[in-house]
Protein chains: 2
Amino acid sequence: MSITAELDRGAVEQIVREIVLKSVNGRPPIEPNLIVSISARHCHLTDEHVEVLFGAGHTLTEMKDLYQDGFYAAKETVMIVGPRRRMLPSVRILGPTRPASQVELAFTDAISLGIDVPVRRSGDIDNTPGCVVVGPAGVVELKQGVIRAERHVHMNQQDAAYYGVQNGDRMSLAIESSCGVVFRDLLVRADETSKLEVHIDTDEGNAADLENATKCELIKQ
Amino acid sequence: MSITAELDRGAVEQIVREIVLKSVNGRPPIEPNLIVSISARHCHLTDEHVEVLFGAGHTLTEMKDLYQDGFYAAKETVMIVGPRRRMLPSVRILGPTRPASQVELAFTDAISLGIDVPVRRSGDIDNTPGCVVVGPAGVVELKQGVIRAERHVHMNQQDAAYYGVQNGDRMSLAIESSCGVVFRDLLVRADETSKLEVHIDTDEGNAADLENATKCELIKQ
């Protein structure tokens, strides 16, 4: 008797039904390739602030492409100074420029500067603390814009369908390592073009020893 | 009809049985008072190293009692210097002194020093990296002893019975906050006298925003 003959018709139909139900836009539900990235402290600047800090007419110089298309780490860095004149000497600028300048720190960084930093999604900077940004050609005093970026996961709509989530939902990220952690409440940032990528900060990456992780899994909450 | 009369005898017996089964040494199973503490970077020193660093005959000065009886933060601090002459200027010494000197760092600290630090339980320092320790009266070159302390929970045997765990087991710690985290695989360190207390490091505490946590729960894995 062949193996095929042993399968009963109902069981086969059930398997087919599950595959069809799980398929997305007619494509089979292949597990997306999950990238988990650590965002070290960095800042985003306006065109105007780039010119104040680096000189009239200056534009950012691309040093290294980020995983998300169109974004890059710039060659330029700035000094970030906190309210008690403590400072971080060399904070990377990420490009391209933005409509508002923003500094993203881990809590460890913020504590070292003496800034009580709120957890915010990128761009949501109303009523956040400020800092002083020092470049080789000038200084900018930011009245607001210092945040700890809320942990989040970028994805496109096909990934969102795979996981059964929508933009704005929350997911968990399980990291297996010698320091295993489950991070709760990652914000889902789904759009048409993003690649599947989790962003956590250095405190989170170090807490979980992400560098030596054996498995990372996104889980619908 | 009174409420009591509505309870059937079997249900009452079941409730009583559960209470009796859960009781520990005849005492009712009251949930222990869980303390979660962040251990910032610190070091433990031998008597000999205290004298080299602070002068002949010097002993540590108690500054602040720790939660565990008999342990304290000393007034004295040392400078820790890494292999590339990067340093942490002021690292607290915890007392009392020990048979072997040991430096406990978060990964963020170790990375800033340029030390690739292993995750170890306290005291397990064979084949770990060393560092230079600088005090006001002298210098010690530690050949080994720099670790990231493995996250762990101290408890006494009654707490262990409450949670159904034994010394050496692993538990999870769930922290609810704006940055909720489940830390996996906390080492249980159970003995006769310890108070129930979780020790995590600054990376872990900051990753979970422990300071603003609304709930912390120990869970048997």
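The legends below describe close-up views of a predicted model with chains A and B.

**View 1. Chain A by itself.** Chain A contains six helices and 15 strands. Of its 221 residues, 45% count as buried. Among contacts in chain A with a separation of 6 or more, 65% are between residues 24 or more positions apart. The accessible surface of chain A is about 11,800 Å², and carbon and sulfur atoms contribute 50% of that area.

**View 2. The two copies and their relation.** Chain B superposes on chain A after a rotation of 180 degrees with 0.0 Å of shift along the axis, at an RMSD of 0.0 Å. The two copies are therefore related as by a two-fold rotation axis. Both use the same surface, since 100% of the contact residues of chain B recur in chain A.

**View 3. Strand β13 across the two chains.** Strand β13 of chain A (residues 181–191) and strand β13 of chain B (residues 181–191) run antiparallel and are joined by three bridges. A:V182 has B:V182 as its bridge partner.

**View 4. Neighbours of β13 within chain B.** Strand β11 of chain B (residues 152–156) runs parallel to β13(B), with five bridges between them; B:H152 is paired with B:L187. Strand β12 of chain B (residues 170–176) runs antiparallel to β13(B), also through five bridges, and B:M171 stands opposite B:L186. A hairpin of four residues connects β12(B) to β13(B).

**View 5. The largest nonpolar core.** This core has 44 residues, and those touching the most other members are A:M155, A:F183, A:L218, B:M155, B:F183 and B:L218. Leaving aside residues up to four places away in sequence, B:L218 touches several residues, including B:L34, B:V153, B:M155, B:M171, B:L186 and B:V198.

Terms used. Residues numbered from 1 in each chain as written. Chains lettered and ligands numbered in written order. Predicted model: local features only at pLDDT ≥ 70, side-chain atom pairs only at ≥ 80, totals over all residues. Heavy atoms only, no water. Buried < 20%, exposed > 50% of the residue type's maximum accessible area, 1.4 Å probe, protein only. Contact = heavy atoms within 4.5 Å. Areas by Shrake-Rupley, 256 points an atom, 1.4 Å probe, with all protein chains shown as cover. Least-squares fit on C-alpha atoms with pLDDT ≥ 70 in both. Core = buried A, V, L, I, M, F, W, Y, C linked by side-chain atoms within 4.5 Å. Pairing = 2+ DSSP bridges.
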